[in-house]
There are 2 protein chains.
Amino acid sequence: MKEKILSLIEQGKYVETRNEIINMNVVDTARLFEEIDQQKLLIVFRILPKDLSSDVFTHMTSELQKYVIDSITDEEAVGILDNLFMDDVIDFLEEMPSNVVKRILKNTSDKTRMVINQFLNYPVDSAGSLMTIEYVDLKKEMTVKQAIQFIKQIGIDKETIDTCYVVNSNRILEGVISLRRLILNDESTVVKDIMETDVVSINTHDDREDVAGLFKKYNYYVMPVVDNENRLVGIITVDDILDVIDQETTEDLHKMAAMQPSEKEYLKTNNWTLAKYRIPWLFILMISATFTGGIITRYENALQSVMILASFIPMLMNTGGNSGSQSSTLIIRGLALGEIKPKDILKVLRKELCISGIVGIILSVVNFLVIYYIGKNDVLVALTVSITLFFTVVLSKVVGGSLPIIAKKLKLDPAIMAGPLITTIVDAVALIIYFTTATRLLGI
Amino acid sequence: MKEKILSLIEQGKYVETRNEIINMNVVDTARLFEEIDQQKLLIVFRILPKDLSSDVFTHMTSELQKYVIDSITDEEAVGILDNLFMDDVIDFLEEMPSNVVKRILKNTSDKTRMVINQFLNYPVDSAGSLMTIEYVDLKKEMTVKQAIQFIKQIGIDKETIDTCYVVNSNRILEGVISLRRLILNDESTVVKDIMETDVVSINTHDDREDVAGLFKKYNYYVMPVVDNENRLVGIITVDDILDVIDQETTEDLHKMAAMQPSEKEYLKTNNWTLAKYRIPWLFILMISATFTGGIITRYENALQSVMILASFIPMLMNTGGNSGSQSSTLIIRGLALGEIKPKDILKVLRKELCISGIVGIILSVVNFLVIYYIGKNDVLVALTVSITLFFTVVLSKVVGGSLPIIAKKLKLDPAIMAGPLITTIVDAVALIIYFTTATRLLGI
């Protein structure tokens, strides 16, 4: 299919190309467009039916959207955007440089411009910026027959008609009813009698991460968005939530790996920007680790008299870092999914103490055997390393388990309390334990 | 609301409790049930209308489901399960111990038992285990009127009627049509003329991560599942995909933090199990780090003559580990989202080389200034540390960027090539660079 269309375009057979594309899935068409020579792409794009070209436009990458908008007339641009749902228009405008946004706004009607401006004012992370205004609103006095008639009249322009909302004359949200329920009921039934009144709704200012949580909890495909007076202002559909979940996870992962989070794809971000995102935390952690090094300097004499002690430093530091990362990762993820609440901090501490005890004892015993029997080291050296290892594991798990929760309590993002930071903290304490134990046990 | 119901139950007013619960959202009811004394819970559960009790049952935690099933008669149990959709029955049975599964299967009809057994045989990670069989299938010769009539007759038991599938007499999938399109078309139109024939479908054996990818790509709420002969066997709805995405991410995160992945909630997993998941990788990494320590032993004499070198080891190891984690995290996430493909390996290597050059130079220069001017160290020591730092950053980013892609090429999970493993690899090489540079520059 793809090869066929590409060769049709190559031969300049645009009408045949058009007929093939009409039968294709719009998402696939948008992907295909990325592979076409941009001059020819414009020709193909222009001869598509208007509805279809708008649909394909929504699914293009923002780079390609920008190219198309820059290359067509203002009139054509407004034509495309008129056919889009409001959430797609907003998604598009948020990605465009301000001169494009201005050009678009200049050419739209006053009413549309007002709505767009309002949407662009919602914080990027809020429910308001996710919602669309193309929903069906019914009145509770309507019969099923009237409701279906109403849907038939206006339904064609709505993003979803599978779920309809019931509002009163002040636009206050009163109920919800599915098209399914309408169809399955008798024509003379009144909407009021079959609608559900226990509607779970979202406020325009709710954080989009919380919105995603509501979708996961209630398994809805669409949810209504209301303002502070409980007036229906929009709907959010689950397909946008899939993107939100991915974006939030990516953000957390970036923070956990000590980077400034970025929504942009790796391969499409330039190297200077990527470097800029990585340097600050590396810098902070580098300086912190310099202080950790100072601990070694303090114990220089002890180290000089038993040089073998130096060779266990990498193992102690790494194991501490890794066991701390394990705990902090589990807790950060649990907090993100809402499975762990800040009030669970004592439960978590108890669990981590117990787990780290088990893990610490097993690793320490194995470690002792390896150092003493295989490494043929002094028994007191083996003991020093193993004791330090035990306390390092316990400490790192307790710190790794509690810092994310404390961050959450302080309204900070738990994701920054991950491996890199935990490692730096634990390293310093591990070295202090190490040298304190060594000076006592080895009498140096 | 919640407090009111809890106090009604406390007072033994079960009929009033029932009336309150009928008006509640089922998800909220299921959460509420977790807080009720289990004896009383059974009474409340039994007096709910049968449909409602099944609905609430689906949303209970598996612990509570098990308690309820263990406490009621076989007949009651089958009654509940009969009212569930097949995907919920399978979710439930997959969580139950085998004696409960046997008890249920013994009491269901032959036909249901066959279907359940077939579903339980699909691999846990396959599309088959996610799908449900409650879909609407139309014939292409039907008129819109006939189709809607048909939906009205059978629709009440279907998980979704918003999307209907068109099959031929051999059950081969021929098209898809939304209830919305049926409603918006004329009653005499034939389904064949308005259905979409370009149906994106899923095979029962597709991996559930790929299924999630399809939902993200095409923005559907429901997708059809076919067998190898393209016969329609089930549907997958987007609400189950939300769970899949979360589970897959959690799995990746656990692997990235060097743990055996677990789907079970942290607070509900016992400490021995959690310890068991954490020990293997810690153990492997501990043993590897022991070898890294061996490098220090090899250069013991060099270290003994310039002891200050020891104090920079934590900083070099940490910065190397952190900069490697940054790269590997970005690449692992990019691979998981499909933004980076294995064929991009050279592009990634080029990018990481360039970025690590920028990051390495900046960190090294700052580091030199700190060690020389603030730390008042020998200029050659400062130079040794800074040169090592530069090469460590470059090396760690190249290793961190390429290992996940190589893992993917080798059909391994890229997530294991994360911070902990990268750190261990980079540490050893960093120490070798360090001591080689030191012996040359400092003439030791």
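**Exercise 1. Decide whether B:Leu173 is buried or exposed, and find its surroundings.**

Solution. Start with the count: B:Leu173 has 20 other C-beta atoms within 10 Å, so B:Leu173 is buried. The scale behind this calls a residue buried if 20 or more other C-beta atoms lie within 10 Å of its own, exposed if 12 or fewer, and partly exposed in between, with C-beta atoms placed from the backbone. Next, locate the residue: B:Leu173 sits in strand β3 (residues 173-178) of chain B. Helices (H or I, at least four residues) and strands (E, at least two) are DSSP runs, numbered from the N terminus. Then look for partners beyond four places in sequence: B:Leu173 touches B:Tyr165, B:Val167, B:Val199, B:Ser201, B:Pro224, B:Val226, B:Asn230 and B:Leu232. Contact here means that the C-beta atoms, placed from the backbone, lie within 7 Å.

A word on the model before going on. This is a predicted model, in which local features need pLDDT of at least 70 and side-chain atom pairs count only at pLDDT 80 or more, while totals for chains, interfaces and linings use all residues. Residues are numbered from 1 along each chain as its sequence is written, and chains are lettered from A and ligands numbered from 1 in the order in which they are written.

**Exercise 2. Describe where B:Met317 lies and what it touches.**

Solution. First, B:Met317 belongs to helix α18 (residues 313-336) of chain B. With 30 other C-beta atoms within 10 Å, B:Met317 is buried. Now compare sequence with space: B:Met317 and B:Leu389 are 72 residues apart in sequence, yet 9.1 Å apart in space, C-alpha to C-alpha. Finally, setting aside neighbours within four places in sequence, B:Met317 is in contact with A:Pro314, A:Met317, B:Asp427 and B:Ala430.

**Exercise 3. Work out how the axes of α14(A) and α15(A) cross, and which residues make the contact.**

Solution. Helix α14 (residues 208-218) and helix α15 (residues 238-256), both of chain A, have axes that come within 10 Å and cross at roughly 120°. The two helices are therefore oblique to each other. For such angles, under 35 degrees counts as roughly parallel, over 145 as roughly antiparallel, 65 to 115 as roughly perpendicular and the rest as oblique. On the α14(A) side, the contact is made by A:Arg208, A:Glu209, A:Ala212 and A:Phe215; α15(A) brings A:Val238, A:Ile241, A:Val244, A:Ile245 and A:Glu248. These residues divide into 6 nonpolar, no polar and 3 charged. Ala, Val, Leu, Ile, Met, Phe, Trp, Tyr, Cys and Pro count as nonpolar, Asp, Glu, Lys and Arg as charged, and the others, Gly among them, as polar.

**Exercise 4. Sort out what the contact of chain A and chain B takes from each chain.**

Solution. The contact takes 97 residues from chain B and 97 residues from chain A. On the chain B side, helix α16 (residues 271-298) gives the most, with 17 residues. That side of chain B divides into 53 nonpolar, 27 polar and 17 charged residues.

**Exercise 5. Find what is notable about the phi of B:Asn219 and of B:Lys411.**

Solution. Begin with the usual case: most residues other than glycine have a negative phi. B:Asn219 is not a glycine, but has a positive phi of about 60°. B:Asn219 lies in the loop between α14 (208-218) and β5 (222-226) of chain B, and is partly exposed, with 17 other C-beta atoms within 10 Å. B:Lys411, also not a glycine, has a positive phi of about 65°. Its loop runs between α20 and α21 (419-442) of chain B, and B:Lys411 is exposed, with 6 other C-beta atoms within 10 Å.

Conventions
Axes are lines fitted to C-alpha atoms, for helices over the stretch in contact, and angles run from 0 to 180 degrees between N-to-C directions. Two residues are in contact if their C-beta atoms, placed from the backbone, lie within 7 Å.
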